[in-house]
Amino acid sequence: MPASSDLNLISLASGYGSFSLPEPVAQQVQRALTRLPLPTSPAEGLPELRQALAHRYQAQAATVVPGDIVVTPGTKAALFLLLATVLRPGDEVLLLSPNWFGFAELIRQAGATLRELPLHPADNYQISPDAVQAAIGPRTRLLLFTNPNNPTGRVYTRPELAALLAVTQQHPQLLVLADEIYDGIRFGPEPVPTLLSFPDPLGQHLVVNGFSKSLALLGWNIGYLVAPSAVAQACTARQFATGGAVAALSQLAALAATEATTDITQELHTGLLTNRQLLLDFLATLPGALPALPLGTYYAFPDLRAFLDPALAPEQASADLVARLHAAGVAVVDGATCGAPGFVRLSYAVPEAELREAIRRMAQVLR
Ligand SMILES: Cc1ncc(COP(=O)(O)O)c(C=O)c1O
């Protein structure tokens, strides 16, 4: 096998796709630049953007108003702002895992502790309401999940979320936070149900979302949080005290993207289909690697435990497999970084020629 120095490394590891700027966004930005100065924004975001976002959720039967929304410099920033605002030292965050590796550090920086509730590939990462009930302890302040899930690509359906929320509503001290950043990238028949469309009699539901995945705004650094208005106001006060509003140009780009959501997600979806099939066809040749198809995100999270060196401990063996793929010229995310050694996260939001070559290289290692 050639050494990696002989090859151009192909990365299937990045969380960001290779999408170009959507046309309606480019036009809006150009218009804004011909009408300078840019608007000055309050810390919580431009009213017209917050209004457009509220409409977006109202169209999904959610009772969101602009006062519930705070625009932030990215989804990660929305997560930190929320976590730092609602958590107290000693609070525990229960995370359905595997999940995005970024959460652990955000929770630590917010002064809370992380407890993972493992979900299992054998039942396609189903959420067991009983297991959630049993895992909620006196210090558990927040339940966190992603829908669709990064890295598994699992989409949680309306009945599944309803069953989960029947448990969380028995715990009034508990907040429920859904990271819905991949909500526009889905391949199943049903839209991804937003947490905000479920009844919330106790004011427990929080959502973060952004524009860098489903809406192709790479590099514009913009996201937002949705929370009961008192929480949103506390987040605004913190953002005002420690920073300020997101750059107006990014907010205007996000406004254009919000207004053109259907067209943008449709185009992304169409653009991803060929690559998705290529990768899934390849993974189908590896027995047992992908028992259920991922219906959301642009990732697959195959089980490659059959290819681990049995002489090594699981984490070490996982790192060794990732190193072997790297040496063959393909960078992937090690599932061990999110509690699943022997699994790897592969993104297919890359140019088709790169994906074809990456598959050819991976096939040399995985045989
Ligand atoms: C689940 C999840 N949340 C948040 C983020 C960060 O998003 P942003 O680029 O908007 O900060 C990512 C990025 O990979 C992600 O996968």
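**Notes on the predicted model**

1. Let's start with the pairing of S11 and strand S12 (residues 344-347): the two run antiparallel and are joined by 2 bridges. Keep in mind throughout that this is a predicted model. One register to check by eye is Asp334, whose bridge partner in S12 is Val344. The sheet that holds this pair is open and has 3 strands, in the order S9-S12-S11, with antiparallel pairing. Strand S9 (299-300) and strand S11 (333-334) each have a single partner strand, so they stand at the edges and one side of each is left without a neighbour in the sheet.

2. Next, strand S3. This strand covers residues 92-97, and 5 of its 6 residues are buried. S3 pairs with S4 in the parallel sense through 6 bridges. If you want anchor points for that register, Val93 is bridged to Leu114 in S4, and Ser97 has Pro118 as its bridge partner in S4. S3 also pairs with strand S5 (residues 140-146), again parallel, with 4 bridges between them. For that pairing, take Glu92, whose partner in S5 is Thr140. As background, strands of a sheet pair through backbone hydrogen bonds, either parallel or antiparallel.

3. What handedness does the unit made by S3, helix H4 and S4 have? The β-α-β unit is right-handed, with helix H4 (residues 102-109) as its helical part.

4. Now the loop after S4. Ile127 sits between strand S4 (113-118) and helix H5 (129-135). Ile127 has 18 C-beta neighbours inside 10 Å; buried would take 20 or more and exposed 12 or fewer, so Ile127 counts as partly exposed. Setting aside neighbours within four places in sequence, the contacts of Ile127 are Leu96, Leu119, Val132, Tyr156, Glu160 and Leu164. The Leu96 contact spans 31 residues of sequence, and the C-alpha atoms of Ile127 and Leu96 are 8.1 Å apart. Leu96 falls within S3, residues 92-97, so this is a handy place to look at the loop and the strand together.

5. Tyr125 also deserves a look, since its phi is positive, about 55°, although Tyr125 is not a glycine. Is Tyr125 buried or exposed? Tyr125 is buried, because it has 20 other C-beta atoms within 10 Å and the cut-off is 20 or more. Tyr125 is placed in the loop between S4 and H5.

6. A second non-glycine with positive phi is Ala61, at about 65°. Ala61 belongs to the loop between H2 and strand S2 (69-72). With 11 C-beta neighbours inside 10 Å, where 12 or fewer means exposed, Ala61 counts as exposed.

7. If you set up the model for further work, check the omega angles at two prolines. The Leu36 to Pro37 peptide bond is cis, with omega near 5°. Pro37 lies in the loop between helix H1 (23-34) and helix H2 (47-58). Asn147 and Pro148 are likewise joined by a cis peptide bond, with omega about -5°. Pro148 is in the loop that runs between S5 and helix H6 (158-168).

8. On the ligand: which of the 13 residues around the ligand come nearest? They are Gly15, Gly74, Thr75, Lys76 and Gly210. By residue class, the shell around the ligand has 9 polar, 2 nonpolar and 2 charged residues.

9. Thr270 is in helix H9 (residues 261-284). Just 9 C-beta neighbours lie inside 10 Å of Thr270, so Thr270 counts as exposed. Thr270 and Ala54 are 216 residues apart in sequence, with 27 Å between their C-alpha atoms.

10. Finally, the annotation. An unreviewed UniProt entry gives the feature "domain: Aminotransferase class I/classII large" at residues 9-361. Over that stretch, residues 9-361, the chain is 39% helix and 14% strand. The end C-alpha atoms of the stretch are 10 Å apart.

Key. Residues are numbered from 1 along each chain as its sequence is written. This is a predicted model: local features need pLDDT of at least 70, side-chain atom pairs count only at pLDDT 80 or more; totals for chains, interfaces and linings use all residues. A residue is near a molecule or strand if its C-beta atom, placed from the backbone, lies within 6 Å of it. Ala, Val, Leu, Ile, Met, Phe, Trp, Tyr, Cys and Pro count as nonpolar, Asp, Glu, Lys and Arg as charged, and the others, Gly among them, as polar. Two residues are in contact if their C-beta atoms, placed from the backbone, lie within 7 Å. Two strands pair if DSSP finds at least two bridges between them. A crossover is right-handed if, with the strands pointing away from the viewer, the path from the first strand over the helix to the second runs clockwise. UniProt positions are given in the numbering used here, feature names are shortened, and annotations may be inferred rather than shown by experiment.
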